[in-house]
Amino acid sequence: MNTKGAGSQAAASGLNKAAILAIILVSYVMIVLDTSIVLTGLPRIHQGLGFTDAGLAWVQSAYTLTFGGFLLLGARAGDILGRRRMLMVGLALFTFASLAIGAAQSVAWMIGARAVQGLGAAILAPSTLALLQTTFDEGPERTRAVSYYSAVAGIAASVGLVLGGLLADWISWRVGFLINLPIGIAMIVAARRYIAETEQSAGQLDFIGALTSTVGMAALVYGFIRSADSGWADGVTQASLTGAAVLLGIFILNEWKARQPIMPLRLFASRERAGAYAARTLFLGAMIGFFFFTTQYLQGVLAYGASLTGMAFLPMTMMNFAVAMVVPQLTRRLGDGRVLAGGLALALFGMAWLSRASFGTDYWTGVALPMMLIGAGQGMTLSPLTTSGIAGVASEDAGAGSGVVNVAHQLGNSLGLAVLVAVAVIGAGPLGGRDLLAYRYGTALAAGSAMLALALLIVLVLIARPRGAAQAVANSASA
């Protein structure tokens, strides 16, 4: 029996769970909101700080590199040093980096502050999910909490686009980052008051694992990002990807032998968790491509302004919210696997439909309707994906388990976008201007549809197994 896990659950029963859930949700919203709020503000950032066209990508890439690179280290640090402590450290870094971004006066200032913000997010994101896992008992209570957690992720991503466009047009892109200051300070104070420190694991950090995973993942993300701009034959791209393969290979060997690994390989022993990690990476890759290319399509092909572009996502946002609120009831009636498969199928249909949009497409019938399908699919997908990603994880591995979920999420965002950007120009030939934008949009969303189809296949094989097959496995295991 895991007495440590039982003890932490007993302790959690006396806590103010509503307040803890509010702190977790608001903290996570800050991360997701900033990821999307910057997209509709990029043209104004470009003009205001004097970025080059190529250099503008680093507003996202600097954040992505540090976020993806330090996730596992940030996750395991919570297990060893205490999850409340790391939540507060992550909040502090993220909040004051947001202040620095809002006050940025140069390209170097902006890129440096975004890198620090990514480090804060790498500490904060796994801390929120680990605290959710250890605070709420497995079953209906945790399912409901995870549903809210996943719902705010999907909704905040859409709201960020709306808010970013409105602020960029009406006030300033800087406001989107400055609003994090009062929210972040309030969350730090609330965390200190309402969240009890978790039990700390004895031992030290796995420094070899931390170094090889951090540098290896950063090199992997950088290699894919660079390939989209410089091509696969570029020497730096090849060196970065080769170095990433070597370092991540060393990392896996180290995790196999380490006494206290930063990412216990036992987390992948479960078919359900392994399938959830893979499906999450593919799903997020398709979704970040949808947001990135649809924003460009609306502005560059349909000639919408920044604020109108943001508001164009409202049908999706409202559908996402409505569906996400009924997911707990759906999962109780149908099971996580069936809801997850249904959500992916809806998102796939919507993405394939939207990929056909071009110059003369009517917004309501050719854009808004498929967006609503994608919103419904996202609302149904993220919660059961998160539940499957942390299913059966022991209390002492909660930080590492949440770290792997967040790694899959962030790698989907960064690598998925890089792959879609590279694929989008295949066959473009001599096209330019609006014609090129329209072509890239359709090609990228078709590739995103393929990613969703693969995610659906993985879920059907590894997670949403028929009940008869699941029972046969259980019977053979008990025999």
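1. A cavity, as the word is used here, is a set of grid points where a 1.4 Å probe fits but cannot get out. With that meaning in mind, the structure, which is a predicted model, holds two cavities of 30 Å³ or more.

2. The largest cavity takes in about 260 Å³ of space, and its lining is made up of 20 residues, among which Val-32, Ala-157, Leu-284, His-409 and Asn-413 lie nearest the centre. When these lining residues are sorted by class, twelve are nonpolar and eight are polar, while no charged residue appears.

3. Which helices each supply at least two residues of this lining? They are helix H2 (17-49), helix H6 (140-170), helix H11 (271-301), helix H15 (363-389) and helix H16 (398-424), and H2 gives the most to the lining of the largest cavity, with six residues.

4. The second largest cavity contains about 50 Å³ of space, and the residues that line it are Ile-37, Val-38, Gly-41, Ile-45, Gly-164, Trp-173, Gly-176 and Phe-177. Two elements, H2 and helix H7 (175-178), give two or more residues to this lining, with the largest share, four residues, coming from H2. By class, the lining of the second largest cavity divides into five nonpolar and three polar residues, again with no charged ones.

5. Turning to the aromatic rings, a search of the whole structure finds eleven aromatic pairs. One of them joins Phe-292 and Phe-293, whose rings are 5.2 Å apart from centre to centre, with 85 degrees between the planes; this pair counts as edge-to-face because the angle is over 60 degrees.

6. Are the two partners of that pair buried or partly exposed? Phe-293 counts as buried because its relative accessibility is 2%, which is under the 20% cut-off, whereas Phe-292, with a relative accessible area of 21%, is partly exposed.

7. Another aromatic pair, formed by Phe-349 and Trp-353, is tilted, with 6.1 Å from centre to centre and 55 degrees between the planes. Phe-349 and Trp-353 are separated by about one helical turn because they stand four residues apart in helix H14 (residues 336-354). Trp-353 itself counts as partly exposed, at 30% relative accessibility.

8. Finally, a student looking through the aromatic residues may also want to find Phe-290, Phe-291 and Phe-313, which ring pairs link into a cluster.

How values were computed. Residues numbered from 1 in each chain as written. Predicted model: local features only at pLDDT ≥ 70, side-chain atom pairs only at ≥ 80, totals over all residues. Heavy atoms only, no water. Phe/Tyr/Trp six-rings, centres within 6.5 Å; stacked < 30°, edge-to-face > 60°. Buried < 20%, exposed > 50% of the residue type's maximum accessible area, 1.4 Å probe, protein only. 1 Å grid on protein atoms, 1.4 Å probe; cavity = no way out; pocket = protein on both sides within 12 Å on 5 of 7 lines; lining within 4 Å. Points joined across faces, edges and corners; volume = space filled by probe spheres on them. Nonpolar A, V, L, I, M, F, W, Y, C, P; charged D, E, K, R; others polar.
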